[in-house]
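Open the model in your viewer, colour it by chain, and keep a selection box at hand. The stops below go from the contact between chains to the packing of individual helices.

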Amino acid sequence: MTSRAARRRRTTKGGWVLVAPAVIVLAAVTLWPLGRAVKTSLSTESLTTPDDTTFVGADNYVEVVTSLDWWVAVAFTMVFVAGVVVVQLLLAAGFAAALRRITIIAPYTRVLVLVPFALMATVVAFVWREGITVGFAPSWFHYTGDGQVSALASMAAAEVWRGTGITTLILLAGLARVPPSLLESAVADGATPRQRLTRIVLPAAAPAVAVAVVYRSLDAFRAFEGPLLAEPSLPRLRTAPLLLWDTTFTSFEIGLGAAMSVVLLALVGLLGVMLMLLLRVRRVV
Amino acid sequence: MNPTIRSRVIASATAFVLGFGVANYGILRVPGRDRWLWFAVAIVLMITSVIGVLIADSRRRVSMWAVLGVEMLAVFTLLPLLWTFTLATSAETATTQSLLPSDVQWSVFGDVLSSDSIRQAATTSALVSLIATVVSMLVAVPAAYALVRRRVRGRRVVYFFFVAVLLAPLIALAGPLGDQLRTFGVFGSRFVLVVPTLMITLPLATWLGVTLMRGIPWTLRDSVRADGATRWQTFRTFALPMVVPGLLAITLITFIAAYNDAVIGATLTAGDESRTLPATLLLAAEQLEQPSAAVAATGLLWLIPVLLVLLALPRRTIRLLGRTY
């Protein structure tokens with residue numbers, strides 16, 4: 001009894017000492033701006049007229065939440081995220097299934113999926129915009145590249161291309177959890193490939209799919225370079241982060257921007273928690 | 001599991017139909033030299049289908065669907081890369097309409113490497129990312145170890161906090177942070193960018209660290225210690241092969257992620273002296289001569305060391321990035 005308590009004490013000791021510095025640094029770096037955002041959001045501060053700051057309470061929040069622009073941006077972002085994530089998942093599932101079976105020069109074929117990740121996000125967004133609006137795609141598929149659809153497509157293509165690699169790796173790790181003996185006995189029992197997929201592979205890989213969905217959704221939500229480059233061609237359709245960028249860094253309305261920041265963070269937090277609950281993401285530690 | 005003859009034949013048929021379709025589209029609708037690219041892809045597909053039919057009844061464990069999938073992956077990854085190269089090496093009259101490079105001009109790479117603004121931006125990015133990565137690793141690795149190996153009260157909350165910051169839209173915090181920097185009078189300085197970059201590197205390093213620590217066979221350490229190893233011997237036989245390569249991979253991935261970020265550079269810097277490289281490419285590309293070629297060339301120049309780094313530790317990197325649940 002005493003030795004067990006002593007062992008417990010030994011393993012508990014030093015735990016918080018090791019974790020504390022990281023927590024303190026991260027809290028300082030994130031909660032301070034957050035606090036300042038809340039403080040600033042309660043006034044009409046603007047960089048262009050800094051002396052004109054008046055305390056307006058929750059007016060900024062009301063303005064954000066009742067603004068049509070904001071909700072259009074949020075809806076647009078959600079649709080964008082949903083589309084991008086679905087395409088990424090489908091492509092990644094195919095690639096992961098293929099890579100699972102190919103074991104020749106295994107690590108190196110798998111590193112092929114990391115190439116898009118290795119290219120800078122800014123460059124990827126730029127290259128896809130050039131390609132789809134004025135480059136090879138209009139001549140291959142016979143359309144004119146100026147217009148909202150092309151801008152939208154280039155935004156989506158950049159995000160999908162860059163993210164499919166990581167999604168493939170996550171799904172690959174998920175597929176590795178499928179017990180091969182179970183698959184073999186299913187084959188022996190006469191299960192069709194579809195039955196094998198739905199009854200064995202999908203349930204075993206479900207945690208990986210859940211993590212991939214949460215991760216890619218939140219990553220696509222905060223995509224910045226693609227939407228910024230597409231902005232000139234999509235004057236009415238902006239993603240929520242881009243709207244925030246315009247408010248804070250182009251119009252310099254800091255008070256309103258701060259309120260928008262808080263609302264955005266709350267929204268993303270809600271989205272993340274909902275996704276995690278919906279997909280039953282397992283807790284990791 | 002050995003693929004059946006039927007699955008191989010169906011895969012070969014699919015490959016053939018795809019190849020046929022690609023070739024036809026290439027002939028009928030694709031103008032110019034790109035047609036040859038379409039033909040090349042079509043030929044590869046048809047050869048695959050022929051091989052599939054030939055080995056359909058062999059006992060070798062090759063799955064034709066997997067081969068097809070890897071070919072699709074190669075096309076998916078490499079064609080846009082080729083396009084980046086073409087953009088970089090084409091002369092700057094109007095954006096070239098052909099994906100295949102023509103009239104290759106290598107001068108843009110020299111221009112980019114000697115351009116002052118790019119050099120300055122690259123140095124800023126490197127310094128900021130390096131400092132942020134080092135600081136993050138110093139605090140994140142012990143934290144990851146403790147989260148996995150020690151009973152830390154509230155560790156789930158802590159972990160959740162780190163994941164939340166990892167996935168949060170940091171542009172929301174950039175505004176107030178810039179405000180704060182302006183109040184302190186340090187807005188526009190290079191090194192001040194380290195603080196917001198920590199928002200990227202610290203959660204990432206901790207998250208990857210937790211993945212690493214969870215995958216290490218700790219019982220090996222116990223048995224090494226039980227066999228009477230000294231601390232140095234434990235380090236040499238256990239920590240060095242098991243832990244150190246993983247830590248190296250985490251450091252490199254974190255550095256790459258920090259370097260790549262454009263949001264912080266775009267929102268928290270004022271002028272060219274303090275802007276990071278991605279932000280410069282995003283916002284100030286017009287100042288360069290041949291902007292689109294320069295952007296593409298910079299991307300390729302950055303790609304090479306990153307790929308080398310990722311290829312140096314392929315297994316660790318893949319395991320770290322994949323097994324995060």
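Begin with both chains shown as surfaces: chain B and chain A bury about 9,200 Å² between them, and 78% of that area lies on carbon and sulfur atoms. Please keep in mind throughout that this is a predicted model. If you select the residues that take part, you will have 102 residues of chain B in contact with 98 residues of chain A.

Within this interface, how many salt bridges does the rule find across chain B and chain A? It finds one, whereas a search of the whole structure gives seven salt bridges over all chains. To see the one between the chains, select A:Arg36 and B:Asp179, whose closest N and O atoms are 3.4 Å apart. The pair runs from helix α2 (residues 15-41) of chain A, which holds A:Arg36, to helix α7 (residues 171-184) of chain B, which holds B:Asp179.

Next, stay with the two chains together and select helix α9 (residues 148-175) of chain A along with helix α15 (residues 314-322) of chain B, whose axes come within 8 Å and cross at roughly 85 degrees. With that angle, α9(A) and α15(B) are therefore roughly perpendicular to each other. Show side chains for A:Ile166, A:Leu169, A:Ile170 and A:Ala173 of α9(A), and for B:Ile318, B:Leu321 and B:Gly322 of α15(B), since these residues make the contact. Sorted by class, the contact of α9(A) with α15(B) has six nonpolar residues, one polar residue and no charged ones.

Keep α9(A) selected and add helix α7 (residues 121-134) of chain A; the axes of these two helices come within 8 Å and cross at roughly 140 degrees. The helices α7(A) and α9(A) are therefore oblique to each other, and α7(A) passes α9(A) in a right-handed crossing. On the α7(A) side the contact residues include A:Trp128, A:Arg129 and A:Ile132, while those on the α9(A) side include A:Ala157, A:Trp161 and A:Arg162. By class, this contact of α7(A) with α9(A) comprises 10 nonpolar, three polar and two charged residues.

For the last stop, hide chain A and select helix α2 (residues 34-54) and helix α3 (residues 64-89) of chain B, whose axes come within 10 Å and cross at roughly 165 degrees. That angle makes α2(B) roughly antiparallel to α3(B), and α2(B) passes α3(B) in a right-handed crossing. From α2(B), display B:Leu37, B:Val41, B:Val44, B:Leu45, B:Thr48 and B:Gly52, which meet B:Met64, B:Val67, B:Leu68, B:Glu71, B:Met72, B:Val75 and B:Leu79 in α3(B). The residues of this contact of α2(B) with α3(B) divide into 10 nonpolar, two polar and one charged.

Methods. Residues are numbered from 1 along each chain as its sequence is written. Chains are lettered from A and ligands numbered from 1 in the order in which they are written. This is a predicted model: local features need pLDDT of at least 70, side-chain atom pairs count only at pLDDT 80 or more; totals for chains, interfaces and linings use all residues. Side-chain values use heavy atoms; hydrogens and water are left out. Axes are lines fitted to C-alpha atoms, for helices over the stretch in contact, and angles run from 0 to 180 degrees between N-to-C directions. Helices (H or I, at least four residues) and strands (E, at least two) are DSSP runs, numbered from the N terminus. Angles under 35 degrees count as roughly parallel, over 145 as roughly antiparallel, 65 to 115 as roughly perpendicular and the rest as oblique. A crossing is left-handed if the near helix is turned anticlockwise from the far one by less than a right angle, and right-handed if clockwise. Contact means heavy atoms within 4.5 Å. Ala, Val, Leu, Ile, Met, Phe, Trp, Tyr, Cys and Pro count as nonpolar, Asp, Glu, Lys and Arg as charged, and the others, Gly among them, as polar. Buried area is the accessible area (1.4 Å probe) that two parts lose on being put together, summed over both. A salt bridge is a side-chain nitrogen of Lys or Arg within 4 Å of a carboxyl oxygen of Asp or Glu.
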